[in-house]
Each structure stands twice: as C-alpha cells, then as structure tokens.
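Here is a walk through one protein model, a few spots at a time. Keep the 3D view open and follow along.

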Amino acid sequence: MAYSAPKIVVTPPGPKALEWIRKDTAMLSPSLSRSSQLVGVKGEGVYVEDADGNVFLDFGSGIAVNSLGHRHPEVIAAIKAQLDRLVFLNSLDYFTVPQIEYAESLFKVTPGDFPKRVFYTNSGSEAIDTAIKMAKWHTRRPYGIGFINGFHGRTMGAVSFTTTGVSARRGFAPMYPIAHFVPYPYCYRCLFNREYPSCDLHCLSYLTDVTLKKITPPDEVAFLLVEAVQGAGGYIVPPKEFLPRLAAIAAQHGMVLIVDEVQSGFGRTGKMWACEHSGVAPDILAISKAFAHGLPAGAAVARAEVMNWDEGAHEGTLNGGPVILEAAKAVLRVIEQEKLVEKSRVQGEYLKSKLLDLQKKYPLIGDVRGLGLMVGIELVGDAKKTPAKDKRNRLLEEAFKKGLLLLGAGECSIRLAPPLVITQAQIDQGLSILEDCLKSLS
Ligand SMILES: Cc1ncc(COP(=O)(O)O)c(C=O)c1O
C-alpha cells in the first residue's frame, strides 16, 4: 500500500511495539540509546510503518542513511539482481567487478582533480579508523588533532576523537593516546564568547597560536580530523572560510586533512559533499551512511599519494561486498537521474525558510541553521540561550506520538534530515506536526 501521510491508529508505542520493546530491552545491549519507541516493520519513500500499523513521516532518514527514501525501486532491483549472481567473495584474496566499477564512479563525484584510491569499509567508524591509520602510516607522525563537539563513531580510533559528550568516552581510557582537541566554530555558542565575523575565526588562531606553538609540535601531527558540518554535535555549519583556512594550516605543516562526511555526504547539504561549499578537496574523505541505501558500507577515499601503505597494512574480510557495491552504484545513479543534490538544496531552502518563520512565533527556537536538507534547530529557554533540553526531549516524544520522526542532536537541538526525495507538500505535513508540538510546549 502506498502511504501518503502520517497515520496514527493507536497511540505509539502500541501494544505490539511495546511487546517487542520489552523483549529487546531484555536481550540487546543496554548501551543502545534509542531516541524513540519506534518498532519499524515497513518503509516506503518518506514513510515508515510500525508494528501496530501506525505510519510515520521520516524526518531523520535513520540519521541521513535513507536519503533516497525507503526501498527505492532502482536500488532494490540492483540488490536483487546481484543476489542472483554472486553474494560474496572476499576482497582480501580475490577481485570483484563492482568494487572497481564503483571506484570509477566515486572518483568522478568526489572532490579533487587528482589521482585517488579507495578503501571500502563496513561503517562510518571504520572509515574513520582507516583514515587515522592511513594518515599515521603516510606521515609516520604520532599526534592527531580533532575538534570539540565532533562525532566520529564508536570504534577505538573513532571514539578517541568523539567529543560530543563524556558518556561516549567514560570507561574507555586510555584511548588513542595522543589526541588533541581544539574548538569548532560553533558560533551560536562560541567557547571564546566572541562574535563572528569580527572574531576572525579565533578557534583557528587557538589551533595555530596555542596548540601548535605550546602543546603539540606541528611536525609531529599526522592529521587534522574534522566534520564538514558537525552532525551529532547539533548540525553546526562552520563559516565558509573555516575549511579552506584549516586546509591551508594542514598543507603548511604536512599534515593530512581528514574530512568526515559520513553524515553530510551524498547530496545531503545541497552539494554532493559539504566540503564543496567551500571548495576544499580533503586528503582523505570519510564516507558512509547514505552510501548503500542502508546496507553496511563506508569508505575512505584518499589522494593516491596518501594511500601509499604496504600490502597487508590494512584489510577487512567483509569490506566492499558485491551486493553492497551494486546498491552503492545504484545510489549514485539515482542521485544523478533524480537530481537529488539540487532537490536537497531547493527543499532545504524551503524547509529552512519555514523554520525561520516558526522561530519568529516561538522563542523556544533559538537558532535555525543548516545546508540543504541537513537542517538543525536549537531550543532555548530564554534570551540567554539556556539550553532547553527537557523541552527538546518532550518535543521529540510529542512529534513521535503525532506521527513525525525527528532526531535529537547536541544538548538541545533537533536535526531535520528527511529523505532527499521529499516533496514540499510532505515537508509541510512535517512542519504542521512540528508546529503543533511547539504550541503545546510554549
Ligand atoms: C560524522 C560521523 N562520523 C562517523 C560516524 C560513525 O558512523 P557509524 O555509526 O556508521 O560507525 C557517524 C555516525 O553517526 C557520524 O555522524
């Protein structure tokens, strides 16, 4: 059945969902921080149905994974066709055609007119760990520098650079032993209490004049690791000159610039890659999420001269399986055929303009920011920007009960990241539920 709108038949979580949740809670890892009580059983386009028959409008895309909407027919057909040919052959020992074909397509759409190489991974975290290892191998330097409020994943290397909150780090020390951190330009809440643009990006001066002069010798730094737009940290868009200036610092000192586009990639921000908004071509680009339509996949794409490690230095059994890469090839085709990068830009502008209208009516919305369909709102309790965390959590809960899936981010922000195929009418459906929730909280 084709869905056309959210539909609540029983207040979620309904009885069937509750029963699944009860069993899940008893058996699955308690470390999973579920943000809502959705038990999804079907998906189509921008809608998801739960175990009780409720239909939800998906404004989170499973954290920017379902960018083509759920079960895009062309990708599903590509997956089925590959299942009928060859499900798996490991790429440690053998060669498979989809790995090569996908690399050819990927290099055409990734930034930088220079020779590239790719290493396929099973997740975003693994793409980051790959990038970290590669940068260390390439430079033979020990230190890595990341940004405060950054999220890079949960494996030991990636979590060492994840600083969105101590709950991700508690109990795991010692981590990557020589990670250093500098502030990201989160201008709405500047750690230096400065104003942009008069600050002239003081956070970068902190990097050059404090970190690299007093703490960490620049010639011992292997890499700078940065999100092009901070994701889990709150959908924070840096000023346009931030990445180019960072790239210049990396180049000056022979450091590898790793840009994490696990969340912001594949058209999400109205460009294929968020770093293209500022014309930066990273030395290593880490990608995942929307890569293969929800199949576990990621990659580190690097300048060929940076990916110069020896045979045996880094490998993985399941990486880059043929089914995954046929799905990934179809994802790239659909993005192009359906002009999803442009759609993301246009619908994102629309969504942002409507949110700015809501901000005028509801002072709870302290900030509206974003690029393309990677849009964040930050909720505040007063003019001093006191974080309205409880209200944010209540809003997420209320929206869920009314049939709208939203995701939290940062301390008190909400991410709006619907599938890139969303129409204006569907955006309006979501905004109308969002406004109902804002009304009831004001
Ligand atoms: C920017 C960014 N990097 C890395 C990761 C880690 O990806 P994964 O959860 O696939 O390991 C995430 C996940 O949310 C992310 O948003």
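Which residues does Asp367 touch, not counting residues up to four places away in sequence? They are Tyr188, Gln359, Gly376, Ile377 and Glu378. One thing to keep in mind as you look around is that this is a predicted model.

## Around Asp367

Let's stay with Asp367 for a moment. You'll find Asp367 in strand S11, which covers residues 365-371. Its relative accessible area is 17%, so Asp367 counts as buried. The side chain of Asp367 also has a polar partner: the side chain of Arg369, at 2.8 Å.

## Two domains

Now zoom out. The protein chain splits into domain 1 (15-58 + 339-441) and domain 2 (75-337). Note how domain 1 is written as two stretches, 15-58 and 339-441. Measuring from C-alpha centre to C-alpha centre, the two domains are 26 Å apart. Where they meet, domain 1 puts 29 residues into the contact and domain 2 puts in 26 residues.

## The nonpolar cores

In soluble globular proteins, nonpolar side chains tend to be buried together. Here, the largest nonpolar core has 99 residues, and the members that touch the most others are Leu246, Phe266, Phe291, Leu355, Leu406, Leu416 and Leu434. Helix H9 (residues 322-337) is the top contributor to this core, giving ten residues. Both domain 1 (15-58 + 339-441) and domain 2 (75-337) supply residues to this core, so it lies between them.

Leu406 is a handy place to look at this core up close. Leaving out residues up to four places away in sequence, Leu406 touches Phe59, Leu395, Leu396, Ala399, Ile414, Arg415, Leu416 and Leu434. There is also a second, separate core, with 24 residues, and its members include Ala131, Tyr176, Val256 and Val262.

## The ligand and its surroundings

Which residues sit around the ligand? The list runs Ser123, Gly124, Ser125, Phe151, His152, Gly153, Glu227, Asp260, Val262, Gln263 and Lys289. One of them, Val262, also turns up in the second core.

Some of these residues put polar atoms by the ligand. An N or O atom in the Ser125 side chain is 2.5 Å from a ligand oxygen. Asp260 has a polar side-chain atom 2.7 Å from a nitrogen of the ligand. Phe151 takes part through its backbone, with an N or O atom 3.4 Å from a ligand nitrogen.

## A closer look at Ser125

Ser125 belongs to helix H5 (residues 124-139). Is Ser125 buried or exposed? With a relative accessibility of 14%, Ser125 counts as buried.

Besides the ligand, the Ser125 side chain has a polar atom 3.0 Å from the backbone nitrogen of Arg154. Setting aside residues up to four places away in sequence, Ser125 touches His152, Gly153, Arg154, Thr155 and Ala158.

## Two loop residues: Ala383 and Gly316

Ala383 is in the loop that runs between strand S12 (374-379) and helix H11 (389-402). Its relative accessible area is 82%, so Ala383 is exposed. Gly316 is in a loop too, between strand S10 (298-303) and H9. But Gly316 counts as buried, at 17% relative accessibility.

Which residues does Gly316 contact, leaving aside its neighbours within four places in sequence? Those are Ser91, Leu92 and Phe119. Try picking out Gly316 and Ala383 together: they are 67 residues apart along the chain, and their C-alpha atoms are separated by 51 Å. Gly316 and Gly370 are 54 residues apart in sequence, with 35 Å between their C-alpha atoms.

## Cysteines without bonds

How many disulfides does the structure hold? The count is zero. Two cysteines help show why. A disulfide needs two cysteine sulfur atoms within 2.5 Å. For Cys203, the closest cysteine sulfur is in Cys199, 6.4 Å away, so it is too far for a bond. For Cys437, the closest one is in Cys412, 17 Å away, and that is too far for a bond as well.

Both of these cysteines are tucked away from the surface count: Cys203 is buried, with a relative accessible area of 7%, and Cys437 is buried, at 0%.

Note on methods. Residues are numbered from 1 along each chain as its sequence is written. This is a predicted model: local features need pLDDT of at least 70, side-chain atom pairs count only at pLDDT 80 or more; totals for chains, interfaces and linings use all residues. Side-chain values use heavy atoms; hydrogens and water are left out. Buried means under 20% relative accessible area, exposed over 50%, partly exposed in between (1.4 Å probe, protein chains only). A nonpolar core is a set of buried Ala, Val, Leu, Ile, Met, Phe, Trp, Tyr and Cys residues joined through side-chain atoms within 4.5 Å. Helices (H or I, at least four residues) and strands (E, at least two) are DSSP runs, numbered from the N terminus. Domain bounds come from an automatic or database domain assignment. Contact means heavy atoms within 4.5 Å. A residue is near a molecule or strand if one of its heavy atoms lies within 4 Å of it. A polar contact is a pair of N or O atoms within 3.5 Å; within protein, one must be able to donate a hydrogen and the other to accept it, and residues adjacent in sequence count only if both atoms are side-chain atoms.
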